[in-house]
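Please walk me through this structure in connected prose, beginning with a single residue and its surroundings and then widening the view to the rest of the chain.

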Amino acid sequence: MCSSDLSPAVMFGVERGNVDLFVYAILAVALVLFRRVRPRARVLSHALFLFAAILKLFPVFALSVLARQSKRWQLVGVAVSGLFLLDVAVTFHDIETIHRVLPQRIPLSYGVGVLGDGVAHEIVRAGWLASIGERSLDHVFTAVFLLAGVALAILIARLARVRSSDRTWSLQSDAFVAGASIYLGSFALLHNFDYRLACLVFTLPELMARSAAGRPERRVAQLGIVLVLVTLFVAAQIRLGFPWDEIFNWILFVYLAAVLARLVLELSPVRALRPTSS
């Protein structure tokens, strides 16, 4: 058993009996079937991706994995996305109600809005800009922080040297894309309890494989492993003084965004379209 499986973030989900952990199991099976050549297995994989997204919405970000297919299978991916949007349209009232009544707590949570909420709350409590309103300040800070994080990630990705590579997509690469996409998407658009950080477990196999490569790739991967493990283990903890979890959440957001962009550019797009028969 991986030590990250016993992290506070994962055990938080166990304690709450949350369906998120079941959803990650579905995604793991979908990723394995996605590597198969047989059409039935590939169709089942797409169906499992859709099932997971309908169950909890946030797995829709894992559909980014479906983009690296042949044009014929990309049409299947588009159909999956369309069915998900249809489900959202039909159940939108329920989704809106859940969002309205669900507690938006700063402790035990992550997401770009968490930092925005915290900063806005502290400013209003100090008596500054109270006339604007805490809610309005929250939106402003959230947008500013998100734009700054995305800009920094783009800058890092552009400065990184992307070399052509004979490496092809593997199960580890697909899992990394799924896990990183869920974290990035949920961080940018949703307010999440920390048990959703269990998605980061998907990123570890690829990072560990790259940590055995040559420099500087090894150092970049080792940094990622440290950030993922620290984030998993400082999450869901009672805050004492400085909010270290938020600092690591933001660093990890920038790191994963930059590495994901580099990974997509590095791997061969032609050979990436060929799934394995294993």
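L260 is found in helix α11, in what is a predicted model. With a relative accessibility of 14%, which is under the 20% that marks the limit for a buried residue, L260 counts as buried. If residues up to four places away in sequence are set aside, L260 touches F176, V177, A180, S181 and L184. One of these partners, F176, is 84 residues from L260 in sequence, yet the two C-alpha atoms are 8.2 Å apart in space.

Helix α11, which spans residues 244–266, also carries W250, and this residue leads to the aromatic side chains of the protein. The structure holds 11 aromatic pairs. In one of them F187 meets W250 in an edge-to-face arrangement, with 5.0 Å from centre to centre and 90° between the planes. This pair links distant parts of the chain, since F187 belongs to helix α8 (residues 171–189) and W250 to helix α11, with their positions 63 residues apart. Both F187 and W250 are buried. F187 also pairs with F253, but here the rings are stacked, 4.8 Å centre to centre and with 25° between the planes. Once again helix α8, through F187, is linked to helix α11, through F253, and the two residues are 66 apart in the chain.

Are F187 and F253 buried or exposed? F187 counts as buried because its relative accessibility is 0%, and F253 is buried as well, with a relative accessible area of 4%. These contacts belong to a wider arrangement, in which ring pairs link Y110, F145, Y183, F187, W250 and F253 into a cluster.

Helix α8 has a part in the charged contacts too, through D174. A search of the whole structure finds 5 salt bridges, among them one between D174 and R35, whose closest N and O atoms are 3.2 Å apart. That pair links distant parts of the chain, with D174 in helix α8 and R35 in the loop between α2 and α3 (39–56), 139 residues apart. D174 is buried, and R35 is buried too. D174 forms a further salt bridge with R68, where the closest N and O atoms lie 2.9 Å apart. Because D174 lies in helix α8 and R68 in the loop between α3 and α4 (71–90), this pair ties together parts that are 106 residues apart in sequence. Like D174, R68 is buried.

Elsewhere, the side chains of D20 and R196 meet in a salt bridge with an N to O distance of 3.0 Å. Since D20 lies in helix α2 and R196 in the loop between β2 (192–193) and α9 (204–210), the pair ties together parts that are 176 residues apart in sequence. D20 is buried, with a relative accessible area of 0%, and R196, at 10% relative accessibility, also counts as buried. A network of salt bridges links D20 and R196 with K56.

Arginine also appears next to aromatic rings. R42 lies over the face of F34, at 5.2 Å from the ring centre, and R42 likewise lies over the face of W73, at 4.7 Å from the ring centre.

On the surface, V19, F22, F51 and L55 form a nonpolar patch, which together has about 330 Å² of accessible area. F22, one of its members, lies in helix α2 (residues 20–34), and because its relative accessibility is 46%, F22 counts as partly exposed.

The view can now be widened to the whole protein. There are 11 helices and 2 strands, and from the N terminus on the elements run α-α-α-α-α-β-α-α-α-β-α-α-α. Of the 278 residues, 42% count as buried. Among contacts between residues at least 6 apart in sequence, 77% join residues that are at least 24 apart; the pairing of F187 in helix α8 with W250 in helix α11, 63 residues apart, has already shown a link between distant parts of the chain. The accessible surface of the protein comes to about 14,800 Å², and 68% of it belongs to carbon and sulfur atoms.

Note on methods: Residues numbered from 1 in each chain as written. Predicted model: local features only at pLDDT ≥ 70, side-chain atom pairs only at ≥ 80, totals over all residues. Heavy atoms only, no water. Phe/Tyr/Trp six-rings, centres within 6.5 Å; stacked < 30°, edge-to-face > 60°. Helix = DSSP H or I, 4+ residues; strand = E, 2+ residues; numbered from the N terminus. Buried < 20%, exposed > 50% of the residue type's maximum accessible area, 1.4 Å probe, protein only. Lys NZ or Arg CZ within 6 Å of the ring centre and 35° of its normal. Patch = residues over 30% accessible without salt bridge, like charges linked within 9 Å, V, L, I, M, F, W, Y side chains within 5 Å. Areas by Shrake-Rupley, 256 points an atom, 1.4 Å probe, with all protein chains shown as cover. Salt bridge = Lys/Arg side-chain N within 4 Å of Asp/Glu carboxyl O. Contact = heavy atoms within 4.5 Å.
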